[in-house]
Amino acid sequence: MSKLVSLEGISKHYGVGENEVIALDKIDLSINQGEYVAGMGPSGSGKSTLLTILGAMNPPTTGKMIVDDIDVYGLSSEHQADFRREYLGFIFQQLQLLPYLTAIENVMLPLVVSDATDHEGKAGAVLERLGLAKKFDRLPSELSGGEQGRVAIARAVVNEPPILLADEPTGSLDTATGKEILALFSELHNEGQTIVMVTHNAESTRGVERLINIKDGQVVDDKQLKKT
Ligand SMILES: Nc1ncnc2c1ncn2[C@@H]1O[C@H](COP(=O)(O)OP(=O)(O)OP(=O)(O)O)[C@@H](O)[C@H]1O
Ligand SMILES: [Mg+2]
């Protein structure tokens, strides 16, 4: 497998003086093309910090992130924005659907700022694939939690990003809909999607092939799991 992401000596400190918090402490990590990875650790261990650094939206205090030979934090902020648009799809715990846009309009959002054509066709195709063919014109408030989760996934993958990042993607969902979302992740992974998820919940790691344990901003364990 070829290496897609490499974190080299990444630290992140927030605050100064006696308020300084070391959220990440000299992390070295590589992620291969097509891997399905979960980072797990207790609250405050640095998971979201790690994910936002991978998301090219949180400059590290020390270290480098290389993706496809690009030194991401060496780019100008404008080029970092291009990088995010080209390489990344995001799913956040609070799904962050725009409440005044319909399902299909939410999914079309990333296409609006890309070079893509046929926004409606592309967004519709992804929603259909995720079982929402009949719900294009619903507002988020007219969808169930699981359906909202699927819209958020559709929006994250509509641009076919090389890397899908998810922070507690099942955090706001009940167990059954959480499982549904995880099943979709496994499906995407089987189609070759690289996925990095962080969670404090062991159940959310169902189906991942690599589990990284994070404690106090450090990687304390990194293991391949058997396929089940
Ligand atoms: N913007 C910020 N400014 C100051 N401190 C921060 C900031 N973001 C995070 N921290 C601190 O950095 C540490 C790691 O936070 P982070 O959000 O990465 O943890 P987490 O593992 O995602 O936790 P949770 O499971 O609660 O989401 C915590 O001590 C947190 O208080
Ligand atoms: Mg977090």
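Let us begin with Tyr87, which belongs to helix α2, residues 77–87. Helices here are DSSP runs of H or I with at least four residues, strands are runs of E with at least two, and both are numbered from the N terminus. Tyr87 is buried, its relative accessible area being 12%. By buried I mean under 20% relative accessible area, by exposed over 50%, and by partly exposed anything in between, with a 1.4 Å probe and protein chains only. The areas themselves come from the Shrake-Rupley method with that 1.4 Å probe, and for residues only the protein chains shown count as cover.

Before I go further, a word on the source: this is a predicted model, in which local features need pLDDT of at least 70 and side-chain atom pairs count only at pLDDT 80 or more, while totals for chains, interfaces and linings use all residues. Residues are numbered from 1 along each chain as its sequence is written, chains are lettered from A and ligands numbered from 1 in the order in which they are written, and side-chain values use heavy atoms, with hydrogens and water left out.

Which residues does Tyr87 touch, not counting those up to four places away in sequence? They are Val67, Asp68, Ile70, Pro161, Pro162 and Ile163, where contact means heavy atoms within 4.5 Å. As for Leu29, it stands 58 residues from Tyr87 in sequence, and their C-alpha atoms are 18 Å apart in space.

I turn next to Thr194, a residue of strand β8, which covers residues 194–199. Thr194 is buried, with a relative accessible area of 1%. Leaving aside neighbours within four places in sequence, Thr194 is in contact with Leu4, with Ile31, Asn32, Gln33, Gly34 and Glu35, and with Pro162, Ile163 and Leu164.

Two loop residues deserve attention for their backbone angles. Asp69, in the loop between β4 (62–67) and β5 (70–71), has a phi near 70°, a positive value in a residue other than glycine. Asp69 is exposed, at 75% relative accessibility. Glu160 is found in the loop between α5 and β7 (163–167), and its phi is also positive, at about 50°, although Glu160 is not a glycine. Glu160 is exposed as well, with a relative accessible area of 68%.

Now to helix α3. Is this helix largely enclosed or largely open? Of its 10 residues, 7 are buried, so α3 is largely enclosed by the rest of the structure. The buried residues are Ala103, Ile104, Asn106, Val107, Met108, Pro110 and Leu111. Among the elements that cover them are α4 and α5.

The next topic is charge pairs. A search of the whole structure finds 9 salt bridges, a salt bridge being a side-chain nitrogen of Lys or Arg within 4 Å of a carboxyl oxygen of Asp or Glu. In one of them, the side chains of Arg129 and Glu187 meet at 3.2 Å, N to O. Arg129 lies in helix α4 and Glu187 in helix α6 (residues 175–190), so this pair ties together parts that are 58 residues apart in sequence. Arg129 is partly exposed at 41%, and Glu187 is partly exposed at 37%.

Arg129 also forms a salt bridge with Glu191, the closest N and O atoms being 3.2 Å apart. This pair links distant parts of the chain, with Glu191 in the loop between α6 and β8 and Arg129 in helix α4, 62 residues apart. Glu191 is exposed, with a relative accessible area of 53%.

A further salt bridge joins Arg150 to Glu180, with the closest N and O atoms 3.0 Å apart. Here Arg150 is in helix α5 (residues 145–157) and Glu180 in helix α6, 30 residues apart. Arg150 is buried at 14%, whereas Glu180 is partly exposed at 31%. In addition, Glu35, Arg210 and Asp222 are linked in a network of salt bridges.

Finally, I come to the surface. Which residues form a negative surface patch? They are Glu105, Asp118, Glu120 and Asp137. Patches are made of residues with over 30% relative accessible area and no salt bridge, like charges being joined within 9 Å and nonpolar side chains (Val, Leu, Ile, Met, Phe, Trp, Tyr) within 5 Å. Asp and Glu count as negative and Lys and Arg as positive, while His and the chain ends are not counted. Within this patch, Asp118 is found in the loop between α3 (103–112) and α4 (119–129), and Asp118 is exposed, with a relative accessible area of 52%.

Methods: Charge placed at Lys NZ, Arg CZ, Asp CG, Glu CD.
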